[in-house]
Amino acid sequence: MLLCFSSSHRTADFDLLERLERHAPAVTAALAEHSDIVSGSVVLATCNRFEAYLDIDEPLPAARAVSAEAVIDAVSSASGIDPAVLRDASAVYCDHAVAEHLFAVTSGLESVVVGEGEIAGQVRRSLEAARATGSVTSELERLFQVASRTSRGVKNRTGIMTAGRSMVRLALDLAESRVSDWARTRVLLVGTGKYAGASLAALRDRGVTDVRVYSPSGRAAKFARSHDIAPVEHDGLLAALAESDLVVTCSAVTDYVLTEPLLAEAVALPGAVERRLIVDLGLPRNVDPAVAELPGAELLDLETISIHAPLKELQAADDARSIVDAAAAEYRAQTAEQAVTPALVALRKHVFDVLDAEIERARSRGDASDETEAALRHLAGVLLHTPSVRARELARQGDAQAFIDGAAALFGVDVDADAAGRPRLTAVDDESAAS
């Protein structure tokens, strides 16, 4: 059974998301420890959502609530967040709803900015991380592969990716009214990761030429060389803050990079600019909210940015939703087909075991030839074709059990469920049928 624990900008405030993101490694480890119910997991942690996609070793519908509570308890234990708070600030999806949700997330339909392009890469990297730790099951792998294909289909067949804007560009759109001349704006970029590259590109699109970069982890020089900008070393941070009209932070560090005392000291330096805009794209936050209380400082953080996210482009979003819905329906159908696969395998084995026994008898009597054997095998394949097609049709209609029961009644082929809830097949050959 698939299960997804989801806490996002739709259900939780950014303080809670920040805490979950900070504890993502601990949550991943805690879920792995619940091997009695969790056979696999993929954890997705982004700036506006925290989700755990789980393959649960319990097929019974009555166990869904128990499994969901066990997952919430594991997340609570790892993050230090009260279970009641998590329940109020999250949603839990089960079975087919998991696929529909992930397909929508990967396609940008659930983002703060509908259609933003970063999420598909974030989902892909979460799968790669889970592969590296060995926590991906075959069902989770299939789920995420289909999600990736769905996202590409949405991108190629709709205008939602171009209609939607990235978080970086939306932040700069909101900053537009505070900036009189982008070409004369002096910018300090804090961070050297993917958001730093996206931020720099967005700034240059607006005509910004004066950009310096600071890295809390000491990577400023390398980033500066590759992007043709000036680096700021640790001992130059105060001066850079004092001289910058715009500060954009997008670092992955877990502590504040820009604190109220630090900025107050920079503001007090001779020649410091009187007003500065600070855009905090970090999660966890890179900037202490108390910074906004300083004279001449204005702070735009992710929570503020999300409030001003634009309305989605209705037509593009509707088209994208149709693609997601179709992909989810096909995923459900293919998943349903898997229910009859063990019975089909058992039936095929049964038929060909009987055929092999008959061919062996004929050979012992000297009555068989290669041509006759080939013809019989072809005939068996032809006869099995219609049951195979019909089995998949019944499965897609939600009536897989009818085929399983029919195979058992007619051929003695039994398909049982093992303790993990996955099909386990046994073919019971009727010896009299081969005589």
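Me: A salt bridge is a side-chain nitrogen of Lys or Arg within 4 Å of a carboxyl oxygen of Asp or Glu. In this predicted model, how many salt bridges does a search of the whole structure find?

Reply: Side chains of opposite charge can pair when their charged atoms come close. The model under discussion is predicted. Searching the whole structure for such pairs gives a total of 25 salt bridges.

Me: Which residues are linked with Asp15 in a network of salt bridges?

Reply: One contact of Asp15 is a salt bridge with Arg285, in which the closest N and O atoms are 2.5 Å apart. This pair links distant parts of the chain, with Asp15 in helix α1 (residues 14-22) and Arg285 in the loop between β9 and β10, 270 residues apart. The network of salt bridges joins Asp15 to Glu18, Arg22, Arg285, Asp301 and Glu303.

Me: Is Arg285 buried or exposed?

Reply: A residue counts as buried under 20% relative accessible area. Its salt-bridge partner Asp15, at 42% relative accessibility, counts as partly exposed. Arg285 has a relative accessibility of 11%, and therefore it counts as buried.

Me: With which residue does Arg392 form a salt bridge?

Reply: Arg392 is partly exposed, with a relative accessible area of 37%, whereas its partner is buried, with a relative accessible area of 17%. The closest N and O atoms of this salt bridge are 3.7 Å apart. Because Arg392 lies in helix α17 (residues 370-396) and the partner in helix α15 (residues 314-338), the pair ties together parts that are 55 residues apart in sequence. The partner of Arg392 is Glu337.

Me: How many residues apart are Glu393 and Arg390 in helix α17?

Reply: These two residues form a salt bridge, their closest N and O atoms being 3.2 Å apart. Glu393 is partly exposed at a relative accessible area of 36%, and Arg390 is partly exposed at 39%. An α-helix has 3.6 residues a turn, so residues three or four places apart point the same way. In helix α17, the separation of Glu393 and Arg390 is about one turn, that is, three residues.

Me: How many residues of strand β9 are buried?

Reply: In a regular strand the side chains alternate between the two faces of the sheet. On one side of β9, Arg276, Ile278 and Asp280 are buried, and on the other side Leu277 and Val279 are buried. Both faces are thus covered. Of the five residues of β9 (residues 276-280), the number buried is five.

Me: Which helix does the chain pass through in the crossover from β8 to β9?

Reply: Strand β8 (residues 246-249) and β9 pair in the parallel sense over four bridges, and within this pairing Thr249 has Asp280 as its bridge partner. The β-α-β crossover from β8 to β9 is right-handed. The helix on this path, residues 260-267, is α13.

Me: What is the bridge partner of Arg276 in β10?

Reply: Strands of a sheet pair through backbone hydrogen bonds, either parallel or antiparallel. β9 and strand β10 (residues 297-301) pair in the parallel sense over five bridges. In β10, the residue bridged to Arg276 is Ala297.

Me: Which strands stand at the edges of the open sheet of four strands?

Reply: The order in this open sheet is β2-β3-β1-β4, with antiparallel pairing. Each edge strand has a single partner strand, so one side of each is left without a neighbour in the sheet. The edge strands are β2 (38-46) and β4 (91-94).

Me: Which residue in β3 stands opposite Leu3?

Reply: Strand β1 (residues 2-8) and strand β3 (residues 49-56) pair in the antiparallel sense over seven bridges. In β3, the residue opposite Leu3 is Leu54.

Me: How many disulfides does the structure hold?

Reply: A disulfide requires a pair of cysteine sulfur atoms within 2.5 Å. Cys4, which counts as buried at 0% relative accessibility, has its closest cysteine sulfur in Cys94, 9.4 Å away and therefore too far for a bond. For the structure, the number of disulfides is zero.

Me: Which residue takes a positive phi just after α16?

Reply: Helix α16 (residues 341-365) has 25 residues and reaches 36 Å from its first C-alpha to its last, close to the 36 Å expected. Its buried residues include Leu344, Leu347, Phe352 and Ile359. Just after α16, the residue with a positive phi of about 75° is Gly366.

Definitions and conventions. Residues numbered from 1 in each chain as written. Predicted model: local features only at pLDDT ≥ 70, side-chain atom pairs only at ≥ 80, totals over all residues. Heavy atoms only, no water. Buried < 20%, exposed > 50% of the residue type's maximum accessible area, 1.4 Å probe, protein only. Helix = DSSP H or I, 4+ residues; strand = E, 2+ residues; numbered from the N terminus. Pairing = 2+ DSSP bridges. Right-handed = clockwise from strand over helix to strand, strands pointing away. Expected span 1.5 Å × (residues − 1).
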